[in-house]
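Welcome! Here is a short briefing to read alongside the sequence and the 3D view.

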Amino acid sequence: MKMLQFGVWALLALILCRGATEELFEVSVWPDQALVKFGQSLMVNCSTTCPDPGPSGIETFLKKTQVGKGPQWKEFLLEDITENSILQCFFSCAGIQKDTSLGITMYQPPEQVTLELQPAWVAVDEVFTLKCYVPHVAPLENLTLTLLQGNQELHRKNFMSLAEASQRAEVTIRVKAQREDDRCNFSCRAELDLSSRGGELFHSSSAIKVLRSFEFSQRPQIQVPPLLEVGMAETVSCEVARVFPAKEVMFHMFLGDQELRPFLFWEEDTAWANATVRAMETGDQELSCLVSLGPMEQKTREPVHVYSFPPPILEIEELYPFAGTDINVTCTGHVLTSPSPTLWLQGVPDLPAPGEPAWLLLTTREEDDGRNFSCEASLEVQGQQFIKTTTIQLHVLYKPRLEESGCPGNQTWVEGTEQMLACIPKGNPTPSLVCTWNGVIFDLEVPQKATQNHTGIYCCTAANQLGSVSKDITLIVQGLDEGNSSTIFIIIIVALGVGVITIALYLNYWPCKLERRKLPSRQKEKDKEEESQFAVGQAEKWNAHNC
């Protein structure tokens with residue numbers, strides 16, 4: 001009986017002791033927190049302190065594979081993790097089940113950061129938009145987006161709150177453009193800070209966007225003559241003021257369908273272009289100027305009238321006639337001139353009828369050689385008067401002449417001086433000249449030192465294709481003493497002439513001077529009445545006789 005009671009008590013004690021052990025068992029999971037990159041795998045170990053565990057495992061919607069186990073643990077491989085999840089690890093011990101959870105956080109670094117700048121070209125004082133977004137990043141609450149102008153921070157946005165974390169990873173701001181913003185660099189920096197979750201700091205930046213700011217409010221101005229002549233080059237210009245940046249302004253200029261080639265210039269806030277235009281068709285046309293800066297374009301037009309006015313035609317029947325030949329000189333308007341111009345021919349007093357030529361009948365003389373004839377045409381276009389002149393020189397052919405003015409028959413040299421024989425012939429064609437002395441040809445090109453041997457008679461002959469003419473030139477060489485004697489003689493004659501004139505003037509002046517000297521003497525003797533009267537009477541007689 002006692003033995004039976006002892007067995008019952010022993011069994012009860014064993015049951016109570018085992019139940020206490022089973023109620024104290026623990027379930028744990030490793031790692032205690034999980035941070036997994038998007039698409040990667042995670043190894044999870046689930047274990048217990050129960051000495052004889054029952055059913056166990058993990059519960060998750062992720063793809064899992066058991067890769068190992070032991071009496072009190074199991075190990076699983078979780079694959080292709082693409083989102084956050086919570087894993088449950090459970091064990092049962094003596095009919096009691098316990099579990100523990102593991103939060104799995106999936107992260108995705110900001111590998112692609114996109115910045116949009118709209119518009120790329122913006123007028124000064126107008127608004128442009130900066131928008132930055134990251135299409136794939138997680139977790140959003142650890143993300144910070146920063147907009148930068150150069151190295152200067154413009155705006156920062158984080159997604160710490162749940163409300164913002166549920167939105168897209170983007171930030172948008174609007175900025176008013178200034179001149180100083182032109183060519184500024186804008187960028188966006190994304191930072192994913194996982195240090196609070198046991199991870200690291202990831203950062204990435206967008207491509208740089210360049211802003212262009214501009215001013216272009218004034219219309220271009222064209223400077224072009226209202227009248228253009230066919231075939232004649234004219235300079236035209238197109239200018240635009242209050243434009244920025246002036247050096248980037250582009251010009252396109254056209255005359256009708258003809259594109260011009262402008263040369264561009266700029267200074268401060270003004271840009272202009274010069275081009276050379278050469279109109280090829282008559283009539284009313286249009287000069288246009290298209291100015292562009294970035295996306296902006298402005299076009300202006302200016303009407304022009306193109307006229308044709310070639311120089312008049314001047315014709316001489318024969319340009320090289322012989323002296324005494326009758327020739328016709330005709331002045332006509334060009335056929336391309338419309339309407340017909342008014343003509344005037346030099347030497348013709350009367351103007352011809354409109355459309356008729358002007359002409360002159362001339363009998364050529366030697367004096368007409370080298371004479372210029374001019375034909376003038378006058379044309380009125382839209383109230384403006386234009387004049388063009390054509391000139392032709394007449395060449396009259398005649399025999400050589402040795403005139404006294406150009407070839408004196410008597411010439412004098414002074415001995416010892418450098419001299420040349422003076423003889424210039426006339427004639428057309430220009431005649432050649434040959435002078436001989438004592439049968440020897442005399443050099444007419446090189447100066448000669450005059451000696452008594454040069455005294456003599458020289459025979460000069462001028463010749464051209466029409467004939468020849470000869471002339472004798474008497475040359476006298478004076479000695480140096482003869483020259484001095486002549487000079488002294490001239491000086492003596494001049495001196496004698498000056499002396500005679502001086503004596504004559506003196507004799508004429510002397511009586512008057514004497515009278516002026518006597519006047520003070522008579523004043524002093526005024527008290528002596530008799531002497532004074534006698535002196536005055538004598539003076540008056542003398543004065544009347546000489547002056």
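Let us begin with one pair of residues: Gln66 has Phe76, in strand β6, as its bridge partner. The model you are looking at is predicted. From this pair we can work outwards to the strands around it, then to a sheet, the disulfides and one histidine.

**Around strand β6**

- Strand β6 covers residues 73-79, and strand β5, residues 63-70, runs antiparallel to β6 with 7 bridges joining the two.
- β5 and β6 form a hairpin, and 2 residues lie between them.
- Strand β3 (residues 42-48) also runs antiparallel to β6, and this pair is joined by 6 bridges.
- Across that pairing, Met43 sits opposite Leu77 of β6.
- In a regular strand, side chains alternate between the two faces of the sheet.
- Which residues of β6 are on the covered face, and which are on the uncovered one? Lys74, Phe76 and Leu78 make up the covered face, while Trp73, Glu75, Leu77 and Glu79 make up the uncovered one.
- Put together, Phe76, the partner of Gln66, belongs to the covered face of β6, whereas Leu77, which stands opposite Met43, belongs to the uncovered face.

**The disulfide that starts in β3**

- The structure holds 7 disulfides, and one of them joins Cys46 to Cys89, with an S to S distance of 1.0 Å.
- Cys46 lies in strand β3 and Cys89 in strand β7 (residues 85-93), so this link ties together parts that are 43 residues apart in sequence.
- The link of Cys46 and Cys89 is right-handed, with 65° about the S-S bond.
- Cys46 and Cys89 are both buried.

**An open sheet of five strands**

- Another place to look is an open sheet of 5 strands, arranged in the order β19-β27-β26-β22-β23 with mixed pairing.
- Why do β19 (227-229) and β23 (258-259) each have one side without a neighbour in the sheet? Both strands stand at the edges with a single partner strand each, so one side of each is left free of a neighbour in the sheet.
- Strands of a sheet pair through backbone hydrogen bonds, and they may do so in a parallel or an antiparallel way.
- Within this sheet, β22 (residues 250-255) and β26 (residues 283-293) pair in the antiparallel sense, over 6 bridges.
- One bridge there has Met253 and, in β26, its partner Cys289.

**The disulfide that reaches β26**

- Cys289, the bridge partner of Met253, is also joined to Cys238 by a disulfide, S to S 2.0 Å.
- Cys238 lies in strand β20 (residues 233-240) and Cys289 in β26, so the pair ties together parts that are 51 residues apart in sequence.
- The torsion about this S-S bond of Cys238 and Cys289 is about -95°, so the disulfide is left-handed.
- Are these two cysteines buried or exposed? Cys238 counts as buried because its relative accessibility is 0%, and Cys289 is buried with a relative accessible area of 1%.

**A disulfide between two loops**

- Cys407 and Cys423 are joined by a disulfide, S to S 2.1 Å.
- Cys407 lies in the loop between β34 (398-401) and β35 (410-414), and Cys423 in the loop between β36 (418-419) and β37 (426-428), so the link ties together parts that are 16 residues apart in sequence.
- For Cys407 and Cys423 the torsion about the S-S bond is about -95°, so their disulfide is left-handed.
- Both Cys407 and Cys423 are buried.

**A cysteine without a disulfide**

- Cys459 is in no disulfide, and the nearest cysteine sulfur, which belongs to Cys460, is 6.9 Å away.
- Cys459 counts as partly exposed because its relative accessibility is 29%.

**His334 and its contacts**

- His334 lies in the loop between β29 (326-332) and β30 (342-345).
- With a relative accessibility of 24%, His334 counts as partly exposed.
- Beyond its neighbours within four places in sequence, His334 is in contact with Pro310, Pro311 and Ile313.
- His334 and Ile313 are 21 residues apart in sequence, and their C-alpha atoms are 6.3 Å apart in space.

**The whole protein**

- The protein has 4 helices and 42 strands.
- Of its 547 residues, 34% count as buried.
- Among contacts in the protein with a separation of 6 or more, 63% are between residues 24 or more positions apart.
- The accessible surface comes to about 33,600 Å², and 53% of it belongs to carbon and sulfur atoms.

Notes. Residues are numbered from 1 along each chain as its sequence is written. This is a predicted model: local features need pLDDT of at least 70, side-chain atom pairs count only at pLDDT 80 or more; totals for chains, interfaces and linings use all residues. Side-chain values use heavy atoms; hydrogens and water are left out. Two strands pair if DSSP finds at least two bridges between them. Buried means under 20% relative accessible area, exposed over 50%, partly exposed in between (1.4 Å probe, protein chains only). Contact means heavy atoms within 4.5 Å. Accessible areas come from the Shrake-Rupley method with a 1.4 Å probe; for residues, only the protein chains shown count as cover. A disulfide is a pair of cysteine sulfur atoms within 2.5 Å.
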